[in-house]
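Visitor: I am new to this structure. Could you take me through it and tell me how each label is earned?

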Amino acid sequence: MKLPKLPSIRELLNLYQINPQKKLSQNFISNKYAQQFVKLNDSYHNQLVIEIGSGPGGLTRQLLSTNVKKLIGIEKDSRFEPILSQLQTASGNRFQYQIADILDDKDGALSNQILDSHHQIGYGVLLVGNLPFSISGLVLNQWIRQALLNQGLFRINNIELLLIFSNEVGQRLIPNHGKRTRFSALTQTAFQITDTMVIPNSGFDPVPNVFIF
């Protein structure tokens with residue numbers, strides 16, 4: 001089923017009468033930059049794609065416009081469920097979602113459930129997300145621990161991450177950028193990191209008060 005033309009993020013928020021919550025760091029990437037971001041990955045065909053923070057579905061729709069076979073969204077804010085439910089139906093269940101908080105997945109139970117239900121042998125896993133800037137460090141710390149212990153999603157050997165961070169966090173992740181800290185050392189031990197693109201603050205709605213990396 002063909003997805004309808006994508007309205008702007010602001011139009012979606014107004015249509016569903018959703019006000020972004022500052023306490024949840026809800027700054028949604030625009031359609032223009034979501035499209036560019038998704039193109040950073042060459043092919044989604046042989047990957048189980050897991051999107052962290054689907055929100056109003058802007059990035060979700062861009063992912064569904066690729067050759068992705070299975071896309072799983074994890075979203076904490078239940079106000080977005082009507083939007084995500086429509087996307088699930090329109091995608092013919094290529095996209096499915098769960099209302100859950102990724103920070104509650106410390107023991108990997110949610111990740112294990114997703115892998116057991118959807119992962120196919122021989123497929124890789126791709127984690128995609130415009131992580132809420134206020135918790136991106138916490139999420140990454142959780143993933144570092146799981147990666148080093150081969151837990152949750154990181155029990156799969158072939159896993160990649162395509163993520164958006166604030167400039168402050170991003171500078172700490174890239175080797176030879178900024179001051180080396182325990183956080184940067186652990187991140188670089190667990191993952192091979194590449195800086196791919198910079199998104200201006202104007203590429204988000206609402207415009208964040210941090211620089212984006």
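Guide: V49 stands opposite L71 in strand 3. This is a predicted model, so every value here is computed from predicted positions.

Visitor: How do you know that strand 2 and strand 3 pair?

Guide: Pairing needs at least two bridges. Strand 2 and strand 3 are joined by 5 bridges, so they pair. They run parallel.

Visitor: What joins strand 3 to strand 4?

Guide: Again 5 bridges, and again the two strands run parallel. E75 stands opposite I99 in strand 4.

Visitor: In which order do the strands form the open sheet?

Guide: The order is 4-3-2-5-6, with parallel pairing, and 5 strands take part.

Visitor: What makes strand 4 and strand 6 edge strands?

Guide: Each of them pairs on one side only. Neighbouring strands of this sheet are turned by 20° against each other on average, direction ignored.

Visitor: Why is strand 3 called mostly covered?

Guide: Buried means under 20% relative accessible area. In strand 3, 6 of its 6 residues are buried.

Visitor: Which residues cover the two faces of strand 3?

Guide: On one side K70, I72 and I74 are buried. On the other side L71, G73 and E75 are buried. In a regular strand the side chains alternate between the two faces of the sheet.

Visitor: Where does helix 5 lie?

Guide: Helix 5, residues 109-118, lies across strand 2, strand 3, strand 4 and strand 5. Its direction is at about 160° to strand 3.

Visitor: How do you know that the buried residues of helix 5 are on the same side?

Guide: The buried residues are L110, S111, I114 and L115. They cover an arc of only 130° around the axis, so they sit on the same side of helix 5. Their cover includes strand 2, strand 3, strand 4 and strand 5. The face turned away carries D116 and S117, which are exposed.

Visitor: What about helix 2: which of its residues are buried?

Guide: Helix 2 spans residues 31-38, and its buried residues are N31, Y33, A34, F37 and V38. They cover an arc of only 165° around the axis, which puts them on the same side of helix 2. These buried residues pack against helix 1, strand 1, helix 3, strand 5 and strand 6.

Visitor: The structure holds 4 aromatic pairs. Why is the pair of F28 and F80 called edge-to-face?

Guide: Two values matter. A pair of aromatic rings is described by the distance of the centres and the angle of the planes. The centres of F28 and F80 are 5.5 Å apart, and a pair needs centres within 6.5 Å. Their planes stand at 80°, and planes over 60 degrees apart count as edge-to-face, so the label follows.

Visitor: Which parts of the chain does this pair link?

Guide: F28 is in strand 1, and F80 is in the loop between strand 3 and helix 4. They are 52 residues apart. Both F28 and F80 are buried. The charged end of R79 sits over the ring of F80, 5.9 Å from its centre.

Visitor: What makes the pair of F154 and F191 tilted?

Guide: The ring centres of F154 and F191 are 5.8 Å apart, with planes at 50°. Under 30 degrees would be stacked and over 60 edge-to-face, so this pair counts as tilted. F154 lies in the loop between helix 6 and strand 6, and F191 in the loop between helix 8 and strand 7, so the pair ties together parts that are 37 residues apart in sequence. Both F154 and F191 are buried.

Visitor: Why does T187 count as buried?

Guide: T187, in helix 8, has 1% relative accessibility. The limit is under 20%, so T187 counts as buried. T187 touches L140, I144, L173 and I193, not counting residues up to four places away in sequence.

Visitor: S25 and N150: which is buried and which is exposed?

Guide: S25 has a relative accessible area of 15%, under 20%, so S25 is buried. N150 has 54%, over the 50% needed, so N150 is exposed. Phi of S25 is near 50°, a positive value in a residue other than glycine. Phi of N150 is near 55°, also positive in a residue other than glycine.

Technical notes. Residues are numbered from 1 along each chain as its sequence is written. This is a predicted model: local features need pLDDT of at least 70, side-chain atom pairs count only at pLDDT 80 or more; totals for chains, interfaces and linings use all residues. Side-chain values use heavy atoms; hydrogens and water are left out. Buried means under 20% relative accessible area, exposed over 50%, partly exposed in between (1.4 Å probe, protein chains only). Helices (H or I, at least four residues) and strands (E, at least two) are DSSP runs, numbered from the N terminus. The arc is that of the directions from the helix axis to the C-beta atoms. Contact means heavy atoms within 4.5 Å. Axes are lines fitted to C-alpha atoms, for helices over the stretch in contact, and angles run from 0 to 180 degrees between N-to-C directions. Rings of Phe, Tyr and Trp (its six-membered ring) pair if their centres lie within 6.5 Å; planes under 30 degrees apart count as stacked, over 60 as edge-to-face and the rest as tilted. A charge sits over a ring if NZ of Lys or CZ of Arg is within 6 Å of the ring centre and within 35 degrees of the ring normal.
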